[in-house]
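Here is a friendly tour of one protein model, for anyone who likes to look at helices, rings and surfaces. Please have the viewer open while you read.

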Amino acid sequence: MALTIFSIMIVLLLLGFPMMIPLIVGAFVGFYSMFGGMGQMETMVQQMMAGIRPASLIAVPMFIFAADIMTRGHSAERLIDLVMAFVGHLKGGLAVSTAAACTMFGAVSGSTQATVVAIGSPLRPRMLKAGYKDSFVLALIVNSSDIAFLIPPSIGMIIYGVVSNTSISELFIAGVGPGLLILFLFSIYAWIYAVRNNVPTEPKTSWPERFAAARKAVWPLGFPVIIVGGIYGGIFSPTEAAAACVLYALFLETILFRTLNWRDVYDTAKSTGLITAVVFILVGAGAAFSWVISFAQIPQAILGGIGIDQMGQIGVLFVISIAFFIGCMFVDPIVVILVLVPIFAPVVQAVGLDPVLVGTVITLQVAIGSATPPFGCDIFTAIAVFKRPYMDVIRGTPPFIIILLSVSVALIFFPQIALFLRDLAFAK
């Protein structure tokens with residue numbers, strides 16, 4: 001049965017169907033085969049509804065909506081100006097500014113695609129004019145945007161937390177350390193690239209101009225204060241923080257900055273609704289499919305075949321990392337989380353791994369896979385946004401992938417990179 005289900009799903013993917021169709025068809029075939037016909041199809045519907053029932057999922061459309069509002073407004077521009085004012089004059093400063101701006105906007109939006117659009121669109125022309133090669137620029141934007149998967153709020157972490165029943169608040173704070181480490185290493189590589197290619201530096205900004213940029217960025221910097229400060233100060237739950245972010249984004253862009261009118265807000269809400277519908281269909285279909293493969297004991301057969309039961313914690317983390325990295329090279333990250341997390345959950349519990357550490361490792365692998373050929377989803381976002389050929393987008397990615405994989409290995413051997421802030425915040 002397992003071979004039949006996966007074969008049908010692969011054929012549907014190759015025929016160009018969106019990922020939700022193979023998931024739904026795979027679940028349907030599984031239910032039909034196990035129960036000998038259509039008699040138990042209501043169970044499939046029940047599992048799909050159970051997948052989208054957790055209240056924590058309400059945070060997903062909220063953060064998507066807030067990110068869409070900010071992308072259409074001036075928040076991203078003000079964050080860019082702030083970073084440029086302080087580091088733009090250094091060697092490789094424009095590239096460092098791009099990576100830092102992507103990280104900061106990720107801390108505001110939680111969406112890699114929104115970060116590519118909001119930060120990449122204005123900064124790519126400036127970097128090309130400054131003398132950077134387009135292959136480097138595209139790779140920098142795509143991979144720096146993926147830091148949004150780690151820096152709270154992270155939509156990937158929300159999905160993982162719901163599927164694995166892990167604290168989303170703890171996951172959020174655990175992602176900060178790896179995210180900042182990646183930003184630091186990207187900045188070093190940007191400096192090395194600028195030195196080797198003799199890229200000119202930008203004019204140094206005066207202190208009055210820096211203060212002016214900081215003053216303009218104060219309001220957009222309120223987002224991480226709401227999210228991080230609100231959650232860890234005990235004021236908001238992650239879902240309530242998401243709702244507060246929407247209200248704050250509406251206040252900034254419609255009242256304070258006056259960049260959006262209410263017609264723009266309506267169009268943004270409609271766009272968010274369409275994206276949310278796709279996400280929730282994926283979540284529901286993924287829940288039904290995960291129930292099928294668990295009921296059929298397919299995970300036990302697969303993991304038993306590779307001898308994961310005899311591995312220690314580090315070995316299990318390596319297997320998980322490889323599985324998620326390869327999965328996200330081909331399939332949407334949300335789907336990979338929905339399908340693979342239930343497969344590995346019994347093993348994670350058996351070897352005594354911290355689910356927050358596992359979630360951080362998985363989120364990092366999702367970020368890496370999303371920017372890795374052949375089918376990393378952020379590659380195609382960049383192709384659509386910048387209208388560049390596939391090969392141009394992926395040509396400069398290898399150094400960034402190496403850096404990301406190095407951080408992944410470091411996280412496995414030194415889990416305190418992620419858990420230090422978590423333990424500090426939650427006094428564990």
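The notes below go through a helix face, some aromatic rings, a surface patch and two single residues.

## The model and helix α3

Please keep in mind that this is a predicted model. A good place to begin is helix α3, which spans residues 41-51 and has M41, T43, M44 and G51 as buried residues. Looking down the axis of α3, you will find these buried residues within an arc of 155°, so they line one face of the helix.

What do the buried residues of α3 pack against? Their partners are α2, residues 20-35, and α15, residues 262-295.

## Aromatic rings

Searching the whole structure gives 15 aromatic pairs. In one of them, the ring centres of W207 and F211 are 5.8 Å apart and the planes meet at 40°, so this pair is tilted. Both residues sit in helix α12 (residues 207-217), where a spacing of 4 residues separates them by about one helical turn.

Are W207 and F211 buried or exposed? W207 has a relative accessible area of 48% and is partly exposed. F211 reaches 52%, and counts as exposed because the cut-off for that class is over 50%.

Elsewhere you can trace a cluster held together by ring pairs: its members are Y132, F136, F186, Y189, Y193 and F400.

## A nonpolar patch on the surface

Next, turn to the surface. F184, I188, W191, I192 and V195 make a nonpolar patch there of about 470 Å². Of these residues, V195 is worth a closer look: it belongs to helix α11, residues 176-196, and its relative accessibility of 41% makes V195 partly exposed.

## Q365, a buried residue

Helix α19, running over residues 355-370, contains Q365. With a relative accessible area of 2%, Q365 is buried, since the class takes in values under 20%.

Which residues does Q365 touch, leaving aside those up to four places away in sequence? They are S321, F324, F325 and S408.

## S237, a loop residue

To finish, find the loop between α13 (222-232) and α14 (238-256), where S237 is placed. S237 has a relative accessibility of 28%, which puts it among the partly exposed residues.

Where does I168 lie relative to S237? In sequence the two are 69 residues apart, while in space their C-alpha atoms are 9.1 Å apart.

Technical notes:
Residues numbered from 1 in each chain as written. Predicted model: local features only at pLDDT ≥ 70, side-chain atom pairs only at ≥ 80, totals over all residues. Heavy atoms only, no water. Buried < 20%, exposed > 50% of the residue type's maximum accessible area, 1.4 Å probe, protein only. Helix = DSSP H or I, 4+ residues; strand = E, 2+ residues; numbered from the N terminus. Arc of directions from axis to C-beta. Contact = heavy atoms within 4.5 Å. Patch = residues over 30% accessible without salt bridge, like charges linked within 9 Å, V, L, I, M, F, W, Y side chains within 5 Å. Areas by Shrake-Rupley, 256 points an atom, 1.4 Å probe, with all protein chains shown as cover. Salt bridge = Lys/Arg side-chain N within 4 Å of Asp/Glu carboxyl O. Phe/Tyr/Trp six-rings, centres within 6.5 Å; stacked < 30°, edge-to-face > 60°.
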